[in-house]
Amino acid sequence: MRVDTYKVMHWMNVRKVTAAQVAEASGVEPERFAASLSGAGDDEWPDSMAAAVARTLVIEPEKLAASGRRDLTVITRTARELHDTRRPIQRDGIHFYNYYTMAAPPGAVAPVILDILCPADRVPALNNGHMEPAITVNLGPGDIHGRWGEELTGATWQVMRANRDDDTWIVGDSYVEPSFCPHSYSLASDAPARIVSYTGHSNLASLVEDVNDWAERPAQELVEWLGEGGEDGLTPYRLAVELLARRGHTTDSAAAALGMSAEKLAAALEEGSDGVLRELASVLGFDHRLLLRPERRHDSVGKTYRDVAECRRDARRFRGYRATSLACAPHLPDLTGLYLRVDGDAGEDLRELAETHYLVTGGEVTLHWTAADGSAASARLGADGTAWVAPFVAHRWTGDGALIKLGSGRHLSYLDLYELTNTYSAAATLRRARRDGRGWGYDS
């Protein structure tokens with residue numbers, strides 16, 4: 001098993017045990033264990049040794065496994081390589097889709113391209129949805145029908161149009177969908193059509209993994225608690241009651257601590273009064289932003305749509321490129337997308353807080369970046385070429401062509417940013433934590 005010794009050291013620090021204690025409890029020779037830790041990184045361990053150390057640290061062996069993805073900067077995939085990933089999907093008794101996978105690191109979520117094959121005279125069979133929210137774009141050249149529910153209404157049955165005007169760098173309509181939204185697509189005419197769909201990182205995934213291990217009763221209690229708010233959901237007042245109770249307060253005692261009436265505190269929670277929320281959070285020790293009402297902008301099935309006309313009105317210059325935004329929604333802040341037009345050598349460096357995926361939709365362009373060893377690197381891509389760029393990797397595009405740029409929340413997510421803005425001495429904390437090989441200070 002390839003073990004990441006930084007993870008071993010982290011869990012030793014969490015469990016407050018020394019290397020000598022782990023070696024003794026695991027039945028591993030102390031010198032051998034110390035030598036394995038001294039590599040400070042990926043190392044090959046016998047499975048029995050990895051399992052014994054994991055048992056001592058009371059974790060699954062997988063939590064010590066090396067990812068094998070260190071120092072990745074950019075991955076590219078040519079059109080030929082993309083087409084080689086084709087796999088046909090049968091559904092509802094017909095050849096329904098062809099799937100293709102865009103460039104991404106091993107084990108990471110990647111956008112997919114779909115050939116839409118369900119004919120226009122047929123209502124497409126729905127899927128069951130998926131936990132990951134998604135952003136979807138019609139690549140054309142034809143229009144498609146989108147379906148998002150059993151009963152066909154204006155929200156559940158809609159034509160996603162392709163752009164057939166001169167500004168073809170704006171390829172077509174787009175939308176974002178929430179978790180577990182059933183969806184399906186068929187052609188809207190005899191013209192062929194494709195989509196690109198990015199089922200991005202789900203911030204609920206780690207919570208769901210934990211809840212899967214809960215006993216049935218508390219798991220059901222969680223679901224019922226979340227549903228108590230009905231259409232209003234988890235309101236600031238309902239959440240405040242729980243945050244206060246965890247700190248041994250009622251709304252009455254919390255109001256008294258602030259020198260105000262319970263009625264005034266309730267009104268402040270309802271209205272989102274910034275001053276009162278900040279004071280309450282500061283005194284009782286939580287983040288006041290949890291008590292601000294989220295913005296909502298979606299239809300009755302939870303999707304947010306953006307058509308070509310809106311994209312055209314929003315077109316702008318951005319760092320030497322022509323750009324316009326794809327569909328977006330404040331309740332899905334990690335799902336981002338742009339149409340980019342590359343024209344010559346004017347494009348400046350781009351650098352993102354999170355991973356980025358690109359699809360070349362037309363023309364021929366060159367991606368330039370600085371490799372992990374500091375050397376200059378580049379890749380020329382034509383239509384259907386794809387690229388993945390790691391967070392904080394400066395890169396730029398030259399040539400004559402068009403791109404779709406997609407992002408989701410696989411670091412840095414908005415929850416990561418939320419946490420970092422709260423972290424005391426964030427830069428020093430991350431500097432120390434990255435590949436930390438220091439023990440917790442009690443080894444002799």
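## Local features of a predicted model

His-298 lies in the loop that runs between helix H11 (274-284) and strand E13 (304-306). The model described here is predicted. With a relative accessibility of 41%, His-298 counts as partly exposed. Leaving aside residues up to four places away in sequence, His-298 touches Lys-303, Thr-304 and His-331. Leu-244 is separated from His-298 by 54 residues in sequence, and the two C-alpha atoms are 31 Å apart in space.

### Packing of helices H2 and H4

Two packed helices are described by the angle between their axes and by the distance between those axes. For helix H2 (residues 19-26) and helix H4 (residues 47-57), the angle is about 115 degrees and the axes are 9 Å apart. Angles of 65 to 115 degrees count as roughly perpendicular, and H2 and H4 are therefore roughly perpendicular to each other. The crossing in which H2 passes H4 is right-handed.

Which residues of H2 and H4 meet? On the H2 side they are Val-22, Ala-25 and Ser-26, and on the H4 side they are Ala-52, Val-53, Thr-56 and Leu-57. Sorted by class, this contact of H2 with H4 comprises five nonpolar residues, two polar residues and no charged residues.

### Backbone geometry

Most residues other than glycine have a negative phi, and most peptide bonds are trans. The model contains departures from both patterns, and four of the residues concerned are set out below with their locations.

| Residue | Backbone feature | Location |
|---|---|---|
| Pro-141 | cis peptide bond from Gly-140, omega near 0 degrees | strand E7 (residues 134-141) |
| Leu-412 | cis peptide bond from His-411, omega near 0 degrees | loop between strand E20 (395-407) and helix H13 (414-422) |
| Phe-392 | positive phi, near 60 degrees | loop between strand E19 (386-389) and E20 |
| Ser-425 | positive phi, near 50 degrees | loop between H13 and helix H14 (426-433) |

The cis bond between Gly-140 and Pro-141 leads into a proline, and Pro-141 is part of strand E7. The cis bond between His-411 and Leu-412 leads into a leucine, and Leu-412 is placed in the loop between E20 and H13.

Phe-392 and Ser-425 carry the positive phi values. Are these residues buried, partly exposed or exposed? Phe-392 has a relative accessibility of 41% and so counts as partly exposed. Ser-425, at 37% relative accessibility, also counts as partly exposed.

### Cysteines

How many disulfides does the structure hold? The number is zero. Cys-118 is in no disulfide, and the cysteine sulfur nearest to its own, that of Cys-181, is 17 Å away. Cys-118 is buried, because its relative accessible area is 0% and the buried class covers values under 20%.

Why does Cys-311 form no bond with Cys-328? A disulfide requires a pair of cysteine sulfur atoms within 2.5 Å. The closest cysteine sulfur to that of Cys-311 is in Cys-328, at 9.8 Å, and this distance is therefore too far for a bond. Cys-311 has a relative accessibility of 0% and so counts as buried.

How values were computed. Residues numbered from 1 in each chain as written. Predicted model: local features only at pLDDT ≥ 70, side-chain atom pairs only at ≥ 80, totals over all residues. Heavy atoms only, no water. Axes fitted to C-alpha atoms, helices over the stretch in contact; angles between N-to-C directions. Helix = DSSP H or I, 4+ residues; strand = E, 2+ residues; numbered from the N terminus. Parallel < 35°, antiparallel > 145°, perpendicular 65-115°, else oblique. Left-handed = near helix turned anticlockwise from the far one by under 90°. Contact = heavy atoms within 4.5 Å. Nonpolar A, V, L, I, M, F, W, Y, C, P; charged D, E, K, R; others polar. Buried < 20%, exposed > 50% of the residue type's maximum accessible area, 1.4 Å probe, protein only.
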